[in-house]
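Please open the model in your viewer and keep the sequence panel beside it. The tour below suggests what to select at each stop and says what is there.

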Amino acid sequence: MGYTESVRVNRESLQENAISAVPVQSTRALMFDAAPVIPDYLRDTYHWCYLNPRNVKLLDREWVVKTILWQQHHRLARAATAEIEPGQHVLQTACVYGDFSVALAEHIGPEGKLEVFDVAEVQVRNCRRKLAAYEHAVVRHQDVISLRDETFDVVCCYFLMHEMPDDYRRGVAAALLSCVQPGGKVVFVDYHKPHWAHPLKLITSLVFDTLEPFAKGLWREEIAGFAGNNDRFEWRKETYFGGLFQKVVATRKE
Ligand SMILES: C[S@@+](CC[C@H](N)C(=O)[O-])C[C@H]1O[C@@H](n2cnc3c(N)ncnc32)[C@H](O)[C@@H]1O
């Protein structure tokens with residue numbers, strides 16, 4: 001698959017609620033074959049950590065992710081993986097620093113298929129390098145909001161939702177739900193509003209206010225709410241580490 005793979009979307013199939021969340025320049029990219037446009041939130045807020053090639057090299061380490069997630073990364077990654085069976089066709093919605101994608105590829109095994117998406121070229125290149133040994137894993141240069149007409153057994157959305165503004169988050173949630181058949185699942189692992197007395201609430205709040213301006217959207221509203229409480233799905237939620245993190249699983253009803 002080419003490194004500058006284009007976004008291919010069937011215009012007719014674009015759902016209203018998803019397309020309305022896409023900024024104008026991304027809409028243009030969706031309508032014609034083109035490399036995906038970097039969304040504003042990524043360019044303006046996260047350029048330093050996800051788009052700067054020198055920092056990508058520096059930050060792509062397991063200990064960095066563990067530190068950011070208060071040593072809960074392995075527990076949360078295990079919680080996500082527990083929703084996936086070997087041999088399944090799995091979508092990972094964005095690259096993640098550390099060994100998460102490699103662990104997923106190992107878990108799924110050669111009978112299955114892992115497709116990792118990312119909107120940033122530098123991330124795509126980096127992830128392809130990490131997954132080079134796994135023939136059943138591919139990395140695609142695409143914005144997940146443009147996903148249509150594709151089907152996966154499980155969609156795994158690991159710490160992506162908190163990075164987006166509310167309208168984009170709604171569009172992505174709708175796009176992900178549209179990618180699973182009856183019996184299939186969308187698994188979200190992300191931040192969650194902790195109890196008011198949680199010892200890490202204040203520091204997390206300060207970090208969000210400084211570095212992650214959209215993350216508190218997940219404190220204000222449930223992930224199921226962002227997905228429009230879609231009743232074609234059964235929703236289940238578990239929280240971790242005193243409520244600072246959550247796993248939300250949407251299983252499409254038969
Ligand atoms: C999954 S999130 C963060 C995960 C976690 N905090 C970590 O340590 O890596 C970061 C990735 O999401 C990608 N990304 C952001 N918005 C995206 C979108 N709409 N579609 C696909 N990838 C996206 C970024 O390019 C970046 O590589």
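Over which residues does pLDDT stay under 50? Select residues 1–32 of this predicted model, where pLDDT remains under 50 throughout, and note that the model nevertheless has 62 contacts for this stretch beyond four places in sequence. Colouring the whole protein chain by confidence then gives the wider view, since its pLDDT averages 89 and 87% of the residues score at least 70.

Next, select the ligand, which sits in the largest pocket, and extend the selection to the 22 residues that surround it. The closest of these are Y41, Y50, Y97, D118 and D143, and by class the shell consists of 16 nonpolar, three polar and three charged residues.

Now show the polar atoms around the ligand, beginning with D118, where an N or O atom of the side chain is 2.6 Å from an oxygen atom of the ligand. At Y97, by contrast, look to the backbone, where a polar atom lies 2.8 Å from a ligand oxygen. Moving on to V119, you will find a polar backbone atom 3.3 Å from a nitrogen atom of the ligand. To finish, display the ligand's surface with the protein around it: of the 600 Å² of accessible area that the ligand has on its own, the protein covers 96%.

Note on methods:
Residues numbered from 1 in each chain as written. Predicted model: local features only at pLDDT ≥ 70, side-chain atom pairs only at ≥ 80, totals over all residues. Heavy atoms only, no water. pLDDT = per-residue confidence, 0-100. Contact = heavy atoms within 4.5 Å. Near = heavy atom within 4 Å. Polar contact = N/O pair within 3.5 Å; in protein donor to acceptor, adjacent residues only side chain to side chain. Areas by Shrake-Rupley, 256 points an atom, 1.4 Å probe, with all protein chains shown as cover. 1 Å grid on protein atoms, 1.4 Å probe; cavity = no way out; pocket = protein on both sides within 12 Å on 5 of 7 lines; lining within 4 Å. Sits in = over half its atoms within 2 Å of the grid points. Nonpolar A, V, L, I, M, F, W, Y, C, P; charged D, E, K, R; others polar.
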